[in-house]
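This briefing is for a reader meeting the structure for the first time. A few lead sentences come first, followed by points grouped by topic.

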Amino acid sequence: MVVGAGPAGCAAAYTLAKAGIEVLLIERSKFAGGKNVTGGVLYGSVLNELIPEFWKEAPVERRVQRHVISMLSEKSSVSIDFNTDNSGHPESAGYTVLRAKFDRWFARKVEEAGGMVITGSRADDLIWEDGRVAGIVAGDDKIAAKVVIAADGVNSLLADKAGLGVSLAPDNVNQGVKEIIKLPRETIEQRFNVTADGGAAMHFLGFCTRGIHGGGFLYTNQESLSLGVVVQLKALIENKLKGVELLESFKEHPTVREWVKGGTPVEYSARLVPAGGLRMLPQLYTDGMLVAGDAAALVLATGRALEGLNFAVASGVAAAEAVKIAREKDDFSQQTLSQYAKLLSESFVLQDLMRFYGAPQFLENSRLYGIYPELACSLAEKVFEVDGNPKMTAWQLSREEMKGKISLWQFVRDAMAARKTL
Amino acid sequence: MSEMTMEQRLALNHYDVDTEAHIKVKPDVCQECDRQPCLYVCPAECFKFKEGKISFSHEGCLECGSCRISCPREAIEWSYPRAGFGISYEYG
């Protein structure tokens with residue numbers, strides 16, 4: 001039994017169904033994906049292993065051929081703009097997705113593989129038998145199961161009930177708010193300089209969060225844009241700011257305004273993203289139960305990326321593989337299910353989280369969101385300024401701009417920390 | 001594009017609103033709270049400070065859990081809406 005038809009739950013249920021194992025996937029929304037929001041890019045390689053050439057049939061929006069990282073001051077921006085023709089390598093590309101469509105497709109794949117999917121059913125509680133999880137309670141129904149995979153999202157009430165819950169706190173959770181902005185397909189392709197199936201993924205730092213811990217994003221979908229900000233909850237609380245205020249001013253930024261011009265907002269959404277890295281990882285399994293995806297806080301936040309979809313798919317598959325082993329032994333004890341942790345530690349899931357163990361702490365550095373983006377913009381302004389005065393070298397300009405804002409010593413220390421974590 | 005009010009934003013979304021609230025707030029506990037982070041963290045502005053009191057309405061809730069994580073006083077009894085109710089994203 002799998003709870004939650006997001007990418008983790010669908011990947012788990014699909015893997016089990018493919019192996020001919022009887023599996024029930026339940027979802028509280030009226031249809032799979034109806035409660036789900038993303039602020040990320042789906043990288044192809046993991047899903048491609050599960051469903052080869054998924055991009056041919058899955059409702060992906062656009063293959064990302066352009067990656068932009070921008071640092072914003074109030075009026076300016078400095079960007080790294082990477083363009084590539086990756087049409088020949090669809091398996092390793094990233095894809096923009098809209099979850100209401102994508103998750104629905106994924107759940108249908110589970111059904112095609114022989115799994116049973118029930119939507120509009122909320123798992124309210126666990127059934128316990130001799131100290132082990134033995135199923136779930138959904139409304140008036142009691143559903144017995146040999147094992148439960150909880151993939152019920154960041155607010156995993158089931159994991160809490162099993163004592164496997166992540167201890168979420170304002171300093172290890174980010175809030176994302178997002179707007180879907182409708183634009184004609186041709187306008188998107190011309191404006192973002194992308195091909196008919198290609199797209200852009202843009203990440204922003206600085207003014208988009210008014211200098212507080214977080215960032216902004218802009219993704220191109222087929223006929224819409226996803227524009228959003230992701231901010232640490234603690235930073236919102238301490239600065240008495242609302243995510244939606246940041247979204248509004250981000251949207252009005254001179255650089256961003258031109259990207260979204262003429263578009264019509266059609267949806268407003270929000271979600272939480274675990275961002276504490278390995279440090280917040282909960283116990284992942286107990287007798288008769290495993291936790292996967294966001295419910296287990298399996299999200300990589302490095303500053304360079306906030307990656308969750310891949311981690312969800314990979315952890316769902318690993319949970320299913322552990323269940324397969326348990327099934328062969330007909331032993332769903334904690335000890336057998338510990339194979340799950342072993343599988344995760346052999347995959348990129350735990351290896352990446354280990355490698356970037358220090359990233360969440362590094363990202364606490366407020367200069368990343370304030371001084372540095374400001375500095376990058378003001379320096380660029382000086383570099384490109386011709387005012388009739390004798391020119392300085394770039395180094396002289398940098399030192400001049402840093403004066404009174406940050407010491408060279410502090411800058412070097414931050415650069416060293418960045419080298420280790422990014 | 002001019003700024004939208006929260007009502008206009010939420011009106012873009014599709015909801016099946018339940019008659020009963022899925023989140024319960026204890027206003028007398030909130031009364032004692034000097035920080036009231038719920039007023040900032042709720043992306044749908046479901047929490048309002050009216051006539052010296054915190055009031056909560058569940059209709060526009062995006063089911064994100066921000067209030068659940070942020071409340072310093074355990075004044076929020078949080079759960080998901082009943083099956084089939086609440087937000088239903090068309091894009092996501």
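In this predicted model, strands S8, S9 and S10 of chain A, in that order, make up an open sheet of 3 strands with antiparallel pairing. Strand S8 (125–129) and strand S10 (141–144) of chain A are at the edges with a single partner strand each, so one side of each has no neighbour in the sheet. The average turn between neighbouring strands of this sheet is 35 degrees, direction ignored.

**Pairing of S9 and S10 in chain A**

- Strand S9 of chain A covers residues 132–138 and is joined to S10(A) by 4 bridges, with the two strands running antiparallel.
- Ile136(A) has Ile143(A), in S10(A), as its bridge partner.
- Strands of a sheet pair through backbone hydrogen bonds, in either a parallel or an antiparallel way.

**Strand S6 of chain A**

- S6(A) has antiparallel pairing with strand S3 (residues 41–43) of chain A, over 3 bridges.
- In that region, Tyr95(A) in S6(A) has Leu42(A) standing opposite.
- Strand S4 (residues 60–72) of chain A also pairs with S6(A) in the antiparallel sense, over 3 bridges.
- Val97(A) in S6(A) has Val60(A) standing opposite.
- Gly94(A) and Thr96(A) point one way from S6(A), while Tyr95(A) and Val97(A) point the other way.
- These four residues, Gly94(A), Tyr95(A), Thr96(A) and Val97(A), are all buried.

**Helix H3 of chain A**

- H3(A) consists of 14 residues, and the distance from its first C-alpha to its last is 19 Å, close to the 20 Å expected at 1.5 Å a residue.
- Its buried residues include the charged side chains Arg99(A), Asp103(A), Arg104(A) and Lys109(A).
- The other buried residues of H3(A) are Ala100(A), Phe102(A), Phe106(A), Ala107(A) and Val110(A).
- An α-helix has 3.6 residues a turn, so residues three or four places apart point the same way.
- The buried residues of H3(A) pack against four elements of chain A: helix H1 (7–18), strand S2 (24–27), strand S6 (94–97) and strand S7 (116–119).

**The glycines after H3 of chain A**

- Gly114(A), just after H3(A), has a positive phi of about 105 degrees.
- Gly115(A) belongs to the loop between H3 and S7 of chain A.
- Gly115(A) counts as buried because 23 other C-beta atoms lie within 10 Å, the cut-off being 20 or more.
- Between the C-alpha atoms of Gly115(A) and Leu24(A) there are 6.2 Å, although these residues are 91 residues apart along the chain.
- Leaving aside residues up to four places away in sequence, Gly115(A) touches Ala13(A), Tyr14(A), Leu16(A), Ala17(A), Val23(A), Leu25(A) and Val110(A).

**Chain A as a whole**

- Chain A contains 16 helices and 20 strands.
- For its 422 residues the globule rule gives 22 Å, and the radius of gyration of chain A is 23 Å, so chain A is as compact as a globular protein of that length.
- Taken along the principal axes, the C-alpha atoms of chain A fill a box of roughly 80 × 45 × 40 Å.
- Buried residues make up 54% of the 422 residues of chain A.
- Of the contacts in chain A with a separation of 6 or more, 73% are between residues 24 or more positions apart.

**Chain B as a whole**

- Chain B contains 4 helices and 6 strands.
- The order of elements in chain B, from the N terminus on, is α-β-β-α-α-β-β-α-β-β.
- Chain B has a radius of gyration of 14 Å, which agrees with the value near 12 Å for a compact globule of 92 residues.
- The C-alpha trace of chain B spans about 40 × 35 × 20 Å along its principal axes.
- In chain B, 42% of the 92 residues count as buried.
- Residues at least 24 apart account for 66% of the chain B contacts between residues at least 6 apart in sequence.

**Where chains A and B meet**

- Contacts between the chains involve 46 residues of chain A and 31 residues of chain B.
- On the side of chain A that touches chain B, two or more residues each come from helix H3 (99–112), strand S12 (173–182), helix H6 (233–239), helix H7 (243–251) and strand S16 (264–274) of chain A.
- S16(A) gives the largest share of that side, 8 residues.
- By type, the residues on the side of chain A that touches chain B are 22 nonpolar, 13 polar and 11 charged.

Note on methods:
Residues numbered from 1 in each chain as written. Chains lettered and ligands numbered in written order. Predicted model: local features only at pLDDT ≥ 70, side-chain atom pairs only at ≥ 80, totals over all residues. Rg over C-alpha atoms; globule rule 2.2 N^0.38 Å. Buried ≥ 20, exposed ≤ 12 C-beta atoms within 10 Å, placed from the backbone. Contact = placed C-beta atoms within 7 Å. Pairing = 2+ DSSP bridges. Axes fitted to C-alpha atoms, helices over the stretch in contact; angles between N-to-C directions. Expected span 1.5 Å × (residues − 1).
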